[in-house]
Amino acid sequence: MRIRRENHPGPLVLHAEGPPEPPPLHMEMTDGRRMLLRQGDRPVLLARVDEDRGGVRVHRLEGYRSPLPPIRADEARRGPEWRYRYARWLEEAVEGPCTRAGG
């Protein structure tokens, strides 16, 4: 994955290159309104969307590791630069949503 930065305060654009394949951190959905979040080969979150789609019941499993560190609100308020830091962290994450499968 590579990061394309704009020279204005607008949105940050992330552009993925290469063949489409699920990244190590990805969500799977079924026709039965069930959701499964996988990180690598580990299921880390199970969920089911309510029939009326008014809510989601979630069960978190052991083993999830966030690809991003937390950011403090005062840091986020300082300006848009935190977005680039997060994009760089996503790009470098070992098992994140932007990482290519297999490394």
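User: Strands are DSSP runs of E, at least two residues long, and they are numbered from the N terminus. With that in hand, in which loop is R53 found?

Analyst: Heads up that this is a predicted model. R53 has phi near 60°, a positive value in a residue other than glycine. With 69% relative accessibility, R53 counts as exposed, since the cut-off for that is over 50%. As for its place, R53 sits in the loop between β5 and β6.

User: And which loop holds R33?

Analyst: R33 also belongs on the list of positive phi values outside glycine, with phi near 65°. Its relative accessibility is 23%, so R33 counts as partly exposed. The loop that holds R33 runs between β3 (25-29) and β4.

User: Let's zoom out. In what order do the elements of the protein run from the N terminus on?

Analyst: The protein has two helices and six strands to place. Going from the N terminus, the strands come before the helices, and the order reads β-β-β-β-β-β-α-α.

User: What share of the residues in the protein is buried?

Analyst: Start with the outside: the protein exposes about 7500 Å², and carbon and sulfur atoms supply 52% of that. Buried means under 20% relative accessible area. Of the 103 residues in the protein, the buried share is 24%.

User: Which element gives the most residues to the largest nonpolar core?

Analyst: The largest nonpolar core is a set of seven: L25, M35, L37, V44, L45, A47 and V49. Two elements, β4 (34-39) and β5, give two or more residues to this core. With four residues, the top contributor to the core is β5.

User: Beyond its neighbours within four places in sequence, which residues is L25 in contact with?

Analyst: L25 is one of the residues in the largest nonpolar core, and so is L37. Among contacts between residues at least 6 apart in sequence, 35% join residues at least 24 apart. Setting aside neighbours within four places, the contacts of L25 are L37, R38, Q39, Y64, P67, E95, G96 and P97.

User: E95 is on that list. How many residues apart in sequence are the parts that E95 and R42 tie together?

Analyst: E95 and R42 form a salt bridge, with their closest N and O atoms 3.0 Å apart. E95 lies in the segment after α2 and R42 in strand β5 (residues 42-49), so the sequence separation of the parts they tie together is 53 residues.

User: Is E95 buried or exposed?

Analyst: The cut-off for buried is under 20% relative accessible area. Its salt-bridge partner R42 comes out at 23%, so R42 is partly exposed. E95 comes out at 19%, so E95 is buried.

User: Which residues are joined into one network by salt bridges that share partners?

Analyst: The structure holds six salt bridges, among them R42 with E95. The side chains of R65 and E95 also meet in one, at 2.6 Å from N to O. That pair links distant parts of the chain, with R65 in the loop between β6 (56-60) and α1 (73-77) and E95 in the segment after α2, 30 residues apart. Shared partners therefore give one network, made of R42, R65 and E95.

User: What is the N to O distance between the side chains of D50 and R57?

Analyst: A salt bridge needs a side-chain nitrogen of Lys or Arg within 4 Å of a carboxyl oxygen of Asp or Glu. Here D50 is partly exposed at 22% relative accessibility, while R57 is exposed at 63%. Their side chains meet in a salt bridge with an N to O distance of 3.3 Å.

User: Last one: what is the angle between the planes of Y86 and W89?

Analyst: A search of the whole structure turns up one aromatic pair, and Y86 and W89 form it at 5.2 Å centre to centre. Both lie in helix α2 (residues 81-92), three residues apart, which is about one turn of the helix. Y86 is buried at 16% relative accessible area, whereas W89 is partly exposed at 26%. The pair is tilted, and the angle between the planes is 50°.

Definitions and conventions. Residues are numbered from 1 along each chain as its sequence is written. This is a predicted model: local features need pLDDT of at least 70, side-chain atom pairs count only at pLDDT 80 or more; totals for chains, interfaces and linings use all residues. Side-chain values use heavy atoms; hydrogens and water are left out. Buried means under 20% relative accessible area, exposed over 50%, partly exposed in between (1.4 Å probe, protein chains only). Contact means heavy atoms within 4.5 Å. Accessible areas come from the Shrake-Rupley method with a 1.4 Å probe; for residues, only the protein chains shown count as cover. Rings of Phe, Tyr and Trp (its six-membered ring) pair if their centres lie within 6.5 Å; planes under 30 degrees apart count as stacked, over 60 as edge-to-face and the rest as tilted. A nonpolar core is a set of buried Ala, Val, Leu, Ile, Met, Phe, Trp, Tyr and Cys residues joined through side-chain atoms within 4.5 Å.
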